[in-house]
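Subject: Structure handover

Hi,

Here is the structure I promised to pass on to you. Have a look at it first, and then read on for what turned up.

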Amino acid sequence: MEVSEHDRSQRSDDPQEKRNAPTVSKEKWHAHAVAKLSRGYCLIVGTQRRSANFYQPGKGYETCAFHIARQLVKEGTVVKGGTHYLGTLYILAGDAVAPPARPAEAARPAAEDDVMLLLGQEDPLGAGDENGPAAW
């Protein structure tokens, strides 16, 4: 049986297969990693493999980009906290700055206030328009 050119182009193990560039920037990965560490996670960087994971008891493991983990170690953002069977355990350094918290949303007025305004019992201008509740 002869293999056509079309069949060759459909193979998934083709070494010339194009790869897409990552969609998340290194800065966002870095900010995500620091935010995770500030919430109590520790970082485990593999010694035998190029692997890195976040870990928190009760939550489990989450993957981390290896180059970001190495960057955190190099910058001194994390300090060695011990060993783990997957590699070296790192925790957030005491002088590391966590990313700023998201701004809190403005407090919304209570639903009763909205209902009262709609019913016209509390008219801020003192008079409703010609079709409003004050005209009833």
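Let me start with how a helix sits on the sheet. Helix α2 lies across β1, β2 (52-56), β3, β4 and β5, and its direction makes about 30 degrees with β2. Helix α3 packs on the sheet as well, where it touches β1, β2, β4 and β5, and its direction is at about 110 degrees to that of β1. Please keep in mind that this is a predicted model.

**Overall layout**

The protein has 136 residues, and 22% of them are buried. Its secondary structure consists of 4 helices and 5 strands, and along the sequence these follow the pattern α-α-β-β-β-α-β-β-α. Of the contacts with a separation of 6 or more, 40% are between residues 24 or more positions apart.

**The sheet**

How are the strands ordered? The 5 strands make an open sheet in the order β3-β2-β1-β5-β4, with antiparallel pairing. At the edges are β3 (60-63) and β4 (78-84), each of which pairs on one side only. On average, neighbouring strands in this sheet are turned by 30 degrees against each other, if direction is ignored.

Going through some of the pairs:

- β1 and β2 are antiparallel and share 4 bridges; a hairpin connects them through 5 residues. In this pair, Leu43 stands opposite Phe54 of β2.
- β2 and β3 also run antiparallel, joined by 4 bridges. They form a hairpin with 3 residues between them, and Gly58 in that turn has a positive phi of about 90 degrees. Here Phe54 faces Glu62 in β3 as its opposite residue.
- β1 (residues 42-46) and β5 (residues 87-92) are antiparallel too, with 4 bridges between them. Val45 stands opposite Thr88 in β5.

Strand β2 is mostly covered, with 4 of its 5 residues buried.

**A closer look at Thr88**

Is Thr88, which belongs to strand β5, buried or exposed? It counts as buried, because its relative accessibility is 13%, and the cut-off for buried is under 20%. Apart from neighbours within four places in sequence, Thr88 is in contact with Leu43, Ile44, Val45, Thr47, Lys80 and Gly82. Val45 in that list is the residue standing opposite Thr88.

**The two helices against each other**

Two packed helices are described by the angle between their axes and the distance between the axes. For α2 (residues 26-38) and α3 (residues 66-75), the axes come within 10 Å and cross at roughly 70 degrees. So α2 is roughly perpendicular to α3, as the range for that description is 65 to 115 degrees. The crossing of α2 and α3 is right-handed.

Which residues of α2 and α3 meet? From α2 there are Lys26, Trp29, His30, Ala33, Val34 and Leu37, and from α3 there are His67, Ile68, Gln71, Leu72 and Glu75. Sorted by type, the residues of this contact are 6 nonpolar, 3 polar and 2 charged.

If you would like a place to begin in the viewer, try Phe54, which stands opposite Leu43 and also opposite Glu62 in β3. From there you can move on to the contact of α2 with α3, where Trp29 and Leu72 are among the residues that meet.

Happy browsing, and best wishes!

How values were computed
Residues numbered from 1 in each chain as written. Predicted model: local features only at pLDDT ≥ 70, side-chain atom pairs only at ≥ 80, totals over all residues. Heavy atoms only, no water. Axes fitted to C-alpha atoms, helices over the stretch in contact; angles between N-to-C directions. Helix = DSSP H or I, 4+ residues; strand = E, 2+ residues; numbered from the N terminus. Parallel < 35°, antiparallel > 145°, perpendicular 65-115°, else oblique. Left-handed = near helix turned anticlockwise from the far one by under 90°. Contact = heavy atoms within 4.5 Å. Nonpolar A, V, L, I, M, F, W, Y, C, P; charged D, E, K, R; others polar. Pairing = 2+ DSSP bridges. Buried < 20%, exposed > 50% of the residue type's maximum accessible area, 1.4 Å probe, protein only.
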